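I opened this entry to record what I looked up. First the sheet, then the empty space inside.

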Amino acid sequence: MKNKCVGCGALVQTSDPHRPGFVRADVLGKHGNEFYCERCYKLIHYNQKTDVDIDEAEFQKNIIELGKKELLVVNIVDIFDLEGTFIDNLQELFPKSKIIIVANKFDLFLNSVISGKVHDYFRKFLAEKNITPEATLLISSLKKKDIETLLLEIFRLKGKKDVCFIGTTNVGKSTIINAIIKKLGLKARFLTTSTAISTTLGILKIPLPDGSFLLDTPGILNHNQATYYLGHQHQKLLLSKKYIRPRVYQLLPGQTLFIGGFCRLDFVSGMSSSFVINVPNPVFVHRTKITAASHFYEKHKDDILIIPDPTERKKLGGIQKYHFTFEEKKQDIAISGLGFITLIGKGEVDFYCFEKIKISFREAIV
Ligand SMILES: Nc1nc2c(ncn2[C@@H]2O[C@H](COP(=O)(O)OP(=O)(O)OP(=O)(O)O)[C@@H](O)[C@H]2O)c(=O)[nH]1
Ligand SMILES: [Mg+2]
């Protein structure tokens, strides 16, 4: 049997450091059958990413193969990027399996946000997409109690089946499995987790006491997400383990907000309204007048606004313009991979963002 890296699941090889699973030949002999590849070692110990060629077609083949089996599928989504991380054909991909959908990273909201309300929102969101899982949960993998609740649901539904964790990259699949390994005291090495996309590169099987397995899988690449197009330094900045501090701006028509160098929101008409910016704390938010906005952007896109940098901007493509009208009900502009802006008041906005980033206009989540 060929050896796999215990952190990322890549098949181990000793010939090419730019391909997944590389281990130096002299290191290989020293560690028996269980070792981490060089890329995992650097991610775990230095949070340093080695770029390797990712085979997206292979990831899709994995999913198709798993779809033929009868499993308990635990689909993880990121509650801060529901539209960007939700998989709309999940039930078609796993026709034989029971499905639980778990919204992770609830800790990114302020403590005062009521989980019941966000959970109701999540259930309504799935119902509107005609998705009917066996159970839904809202959790933070950083909280022990939430992992206990997830385990109760898993053991209620799994029978003798394997439990397969599925989701787009970076939603926290491997982090959750690590928490389960710890909670159940399983005899398994901890999986590699990181702020880089595509940390897990192959399927990893963690044995459960009843003879079945927990399966970790490589995340489905998400081309709609801002983070997909960023270098690792900027991915690190945006993937926060600390709650996201909402920043409130009271605007009059004629004013503009820049959300880093990612988006520009022009308040074109209406009455004085509030704009609550829920994006990672390191993203700089700047208010100016619409008439000064273009000049400001050209002058400061590479200093004050910083992210994305010129290389990342090229990958993000052209600029798309949106027009939104809001009144009475609070509405969000959701920016995949970044966060969302809640609009409270009445008016019209022009919104500009890179065309590769998915933008959704929705009822406010909080
Ligand atoms: N704030 C917060 N961050 C989390 C949570 N769970 C995971 N993360 C972070 O999200 C990032 C990605 O976590 P991983 O467990 O590597 O995600 P993954 O889904 O396995 O990613 P791939 O292997 O690339 O598919 C890491 O920086 C984690 O620390 C959570 O509940 N809250
Ligand atoms: Mg992973």
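In what order do the strands of the open sheet of 5 strands run? I read β11-β8-β9-β15-β12, with antiparallel pairing. Strands (E, at least two residues) and helices (H or I, at least four) are DSSP runs numbered from the N terminus, and two strands pair if DSSP finds at least two bridges between them.

This is a predicted model, where local features need pLDDT of at least 70, side-chain atom pairs count only at pLDDT 80 or more, and totals for chains, interfaces and linings use all residues. Residues are numbered from 1 along each chain as its sequence is written, and side-chain values use heavy atoms, without hydrogens and water.

I checked the edges next. β11 (285–289) and β12 (319–327) each have a single partner strand, so one side of each lacks a neighbour in the sheet. The twist averages 20 degrees from one strand to the next (axes are lines fitted to C-alpha atoms, for helices over the stretch in contact; angles run from 0 to 180 degrees between N-to-C directions).

I then followed β9 (263–270) to β15 (346–354): 7 bridges join them. Leu 265 has Phe 351 of β15 as its bridge partner. Helix α10 (290–300) packs on the sheet and touches β8 (255–259), β9, β11 and β15 (contact: heavy atoms within 4.5 Å). Its direction makes about 130 degrees with that of β11.

Last, I looked up the lining of the largest cavity. It draws at least three residues from each of domain 2 (54–222) and domain 3 (247–363); the bounds come from an automatic or database domain assignment. A cavity is a set of points on a 1 Å grid over the protein atoms alone where a 1.4 Å probe fits but cannot get out, and lining residues have an atom within 4 Å of a point.

Technical notes
Chains lettered and ligands numbered in written order.
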